[in-house]
Amino acid sequence: MQASLARSSAGTESRGAMAKRYRPNVAAILQRSDGCVLIGQRSDYPECWQFPQGGIDEGESPEDAARREIAEEVGLTPDAYDLTARSGPHRYDFPAGRDRRGHDGQEQIYFLCRVRGGTCPEIDLRGTCGEFAAVRWVPTADFPLHLAPPMKQGVYREVLAEFFGGG
């Protein structure tokens, strides 16, 4: 018999007596006019490439968190892009279980961000927080899902299909 599933707005999910806690988080998919999206190679796990993302601070809106994370991780200011669509929340669990802050995974809101003017200013990672060692633009049709962190691949598949079609 399956335990009932309950969600709260605080990012918790309970199954019977066990409660999972999810960290509120945002992710940004930056897209140029040619359809390519930006992914970054993680500094701490160089085999993994992902979208800019990060936690939502206390009192911060998801939109403001997305803008802050884009600035911190790839150095683009809000005048370089528009937030044009939103998806989520989407959840994934951490493979090693609960983290040091007591979260079992992340609950992410994804934003599609279209680069203004069709081209993107050069991204210089030297002035950023160091999350990424490198960035590259990839076509959505050929998105290298296998390079995304394994725990995020299912969510990436859902969000890419929602924003760009396909399945």
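Begin by selecting Cys36, which counts as buried because its relative accessibility is 11%, below the 20% under which a residue is called buried. Keep in mind throughout this tour that the model you have open is a predicted one. Next select Cys48, which at 10% relative accessibility also counts as buried. How many disulfides are there in this model? The count comes to 0 disulfides, and you can check this by looking at the sulfur atoms of the cysteines, since a pair would need to lie within 2.5 Å.

**The whole chain**

Now zoom out and colour the protein chain by secondary structure, which comes to 2 helices and 9 strands. If you trace the chain from the N terminus on, the elements run β-β-β-β-β-β-α-β-β-β-α. The chain has 167 residues, and 44% of them count as buried.

**Helix α1**

Select residues 62-74, which form α1. This helix has 13 residues and reaches 18 Å from its first C-alpha to its last, close to the 18 Å expected at 1.5 Å a residue. Which residues of α1 are buried? They are Pro62, Ala65, Ala66, Arg68, Glu69, Ile70, Glu73 and Val74, and two of these deserve a stop of their own.

The first stop is Ala66, found in helix α1, which counts as buried at 1% relative accessibility. From Ala66, draw a distance to Ile109: the two are 43 residues apart in sequence, and their C-alpha atoms are 9.0 Å apart in space.

The second stop is Ile70, also placed in helix α1, which is buried with a relative accessible area of 0%. Its C-alpha atom is separated by 8.9 Å from that of Leu30, although Ile70 and Leu30 are 40 residues apart along the chain.

Just after the helix, select Gly75, which follows α1 and has a positive phi, near 75°. Most residues other than glycine have a negative phi, and most peptide bonds are trans.

**Strands β3, β7 and β8**

Move to Ala28, whose place is in strand β3, and which counts as buried at 2% relative accessibility. Measuring from C-alpha to C-alpha, you will find Arg67 at 8.5 Å from Ala28 in space, while the two are 39 residues apart in sequence.

In strand β8, which covers residues 105-115, select Phe111. Is Phe111 buried or exposed? Phe111 is buried, with a relative accessible area of 2%. Its partner for a distance check is Val26, which is 85 residues away in sequence but 7.6 Å away in space, C-alpha to C-alpha.

Then turn to strand β7, residues 81-93, where Pro89 is found. Look at the bond between Gly88 and Pro89, which is a cis peptide bond with an omega of about 20°.

**Helix α2**

Select residues 153-164, which make up helix α2, with 12 residues and a reach of 16 Å from its first C-alpha to its last, close to the 16 Å expected at 1.5 Å a residue. Its buried residues are Val155, Tyr156, Val159, Leu160 and Phe163. Why do they line one face of the helix? If you turn the view to look down the axis of α2, the buried residues fall within an arc of 125°, so they line one face. An α-helix has 3.6 residues a turn, so residues three or four places apart point the same way. Right after α2, select Gly165, whose phi is positive, near 85°.

**The largest pocket**

For the last stop, show the surface and find the largest pocket, in which about 540 Å³ of space lies. Rolling a probe the size of a water molecule over the atoms shows where empty space is left. The pocket is lined by 22 residues, of which Arg42, Asp44, Phe94, Gln106 and Met151 lie nearest its centre, so these five make a good selection to centre the view on. Colour the lining by residue type, and you should find 6 nonpolar, 5 polar and 11 charged residues. Finally, highlight β3 (18-31), β6 (53-55) and α1 (62-74), each of which supplies at least two residues of the lining.

How values were computed. Residues numbered from 1 in each chain as written. Predicted model: local features only at pLDDT ≥ 70, side-chain atom pairs only at ≥ 80, totals over all residues. Heavy atoms only, no water. Helix = DSSP H or I, 4+ residues; strand = E, 2+ residues; numbered from the N terminus. Expected span 1.5 Å × (residues − 1). Buried < 20%, exposed > 50% of the residue type's maximum accessible area, 1.4 Å probe, protein only. Arc of directions from axis to C-beta. 1 Å grid on protein atoms, 1.4 Å probe; cavity = no way out; pocket = protein on both sides within 12 Å on 5 of 7 lines; lining within 4 Å. Points joined across faces, edges and corners; volume = space filled by probe spheres on them. Nonpolar A, V, L, I, M, F, W, Y, C, P; charged D, E, K, R; others polar.
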